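Colleague: I am new to reading protein models, and I would like to go through one slowly. Could you show me how to begin?

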Amino acid sequence: MPVEEFVAGWISGALGLVLGHPFDTVKVRLQTQNTYRGIVDCMVKTYRHESAYCLAPFDLIKVRLQNQTEPRAQPGSPPPQYRGPVHCAASIFQEEGPRGLFRGAWALTLRDTPTLGIYFATYEWLCRQSTPDGQNPSSATVLVAGGFAGITSWVTATPLDVIKSRMQMAGLKQREYQGMLDCMVSSARQEGLGVFFRGLTINSARAFPVNAVTFLSYEYLLHSWG
């Protein structure tokens, strides 16, 4: 059922994205800015001063837009640097060149390639362990397995996610890393090894409900159409 699987995956992925985007915004800001005292402080300030919207389909543009902290539509306040995803893409291209649009691409690839394997393997293993032979996993099993699969994948992905976000923000801050290794060494030297797990708590808090809903909706749609 390739068509049904594609549509089910698309719908469940969209639901997961809608649910997880606010957490993703907080995660990116904690990883790239030092102005927040923690997760709650970041959430409160973001909610108080602006609306966190992201319309960009590209990860670089998403990160840049998420890091804008200028209050919106307030008289006398400075305008945001980017007016939207298209303006953001055009500005990056004009100021940083074509290569600017691919900042962090290798880190993103290295982050996602093994993580996807861990993600699905964890989900399948947890479902098999909790489901009798010959039966389909229950809704509760799918929710728990999907949630823990998301957490497991982010535990392995967070260090490279930090590097990716920092490399993506480097052009905006007029700072150039010579590559991923330089970014890793500079970050560790200045902030310690703990910097590579900055955002892990918010990643995990986001991962459980997002991936629980994603897998549950995916399995439900497949069974409904089957």
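Modeller: A good start is to ask how much of the chain is covered, and of the 226 residues of this chain, 42% count as buried. Please keep in mind that this is a predicted model. As for its build, the chain has 8 helices and 0 strands, so that reading from the N terminus gives the order α-α-α-α-α-α-α-α.

Colleague: How many residues of helix α3 are buried?

Modeller: In helix α3, which spans residues 59-66, 8 of its 8 residues are buried, and the helix is therefore described as mostly covered. Among the buried residues of α3 are Leu-60, Ile-61, Val-63 and Leu-65, but also Asp-59, Lys-62 and Arg-64.

Colleague: Let us turn to charged side chains. How many salt bridges does a search of the whole structure find?

Modeller: The general idea is that side chains of opposite charge can pair when their charged atoms come close. In this structure the search finds 3 salt bridges. One of them joins Lys-164 to Asp-161, with 3.9 Å between the closest N and O atoms, which falls within the 4 Å cut-off for a salt bridge.

Colleague: Why are Lys-164 and Asp-161 separated by about one helical turn?

Modeller: An α-helix has 3.6 residues a turn, so residues three or four places apart point the same way. Here Lys-164 and Asp-161 are separated by about one helical turn because they are 3 residues apart in helix α6, residues 139-170. Both Lys-164 and Asp-161 are buried.

Colleague: Which residues are linked in a network of salt bridges?

Modeller: The network links Arg-166, Glu-191 and Arg-198. Glu-191 meets Arg-166 in a salt bridge of 2.7 Å, N to O. Because Glu-191 lies in helix α7 (residues 180-191) and Arg-166 in helix α6, this pair ties together parts that are 25 residues apart in sequence. Glu-191 also meets Arg-198 in a salt bridge, again given as 2.7 Å from N to O.

Colleague: Is Arg-166 buried or exposed?

Modeller: Arg-166 counts as buried because its relative accessibility is 11%, and the cut-off for buried is under 20%. Its partner Glu-191 is partly exposed, with a relative accessible area of 30%, and Arg-198 is partly exposed as well, at 23%.

Colleague: How should I read a pocket, and what is the volume of the second largest pocket?

Modeller: Rolling a probe the size of a water molecule over the atoms shows where empty space is left. The second largest pocket of this model has a volume of about 320 Å³. It is lined by 15 residues, and the closest to its centre are Arg-99, Phe-102, Arg-103, Gly-104 and Met-167. The elements that give two or more residues to this lining are α5 (105-130) and α6. By class, the lining has 7 nonpolar, 4 polar and 4 charged residues.

Colleague: Where is Phe-102 placed in the chain?

Modeller: Phe-102 sits in the loop between α4 (85-96) and α5. With a relative accessible area of 59%, Phe-102 is exposed, the cut-off being over 50%. Together with Phe-93 and Leu-101, Phe-102 makes a nonpolar surface patch of about 320 Å².

How values were computed: Residues numbered from 1 in each chain as written. Predicted model: local features only at pLDDT ≥ 70, side-chain atom pairs only at ≥ 80, totals over all residues. Heavy atoms only, no water. Helix = DSSP H or I, 4+ residues; strand = E, 2+ residues; numbered from the N terminus. Buried < 20%, exposed > 50% of the residue type's maximum accessible area, 1.4 Å probe, protein only. 1 Å grid on protein atoms, 1.4 Å probe; cavity = no way out; pocket = protein on both sides within 12 Å on 5 of 7 lines; lining within 4 Å. Points joined across faces, edges and corners; volume = space filled by probe spheres on them. Nonpolar A, V, L, I, M, F, W, Y, C, P; charged D, E, K, R; others polar. Patch = residues over 30% accessible without salt bridge, like charges linked within 9 Å, V, L, I, M, F, W, Y side chains within 5 Å. Areas by Shrake-Rupley, 256 points an atom, 1.4 Å probe, with all protein chains shown as cover.
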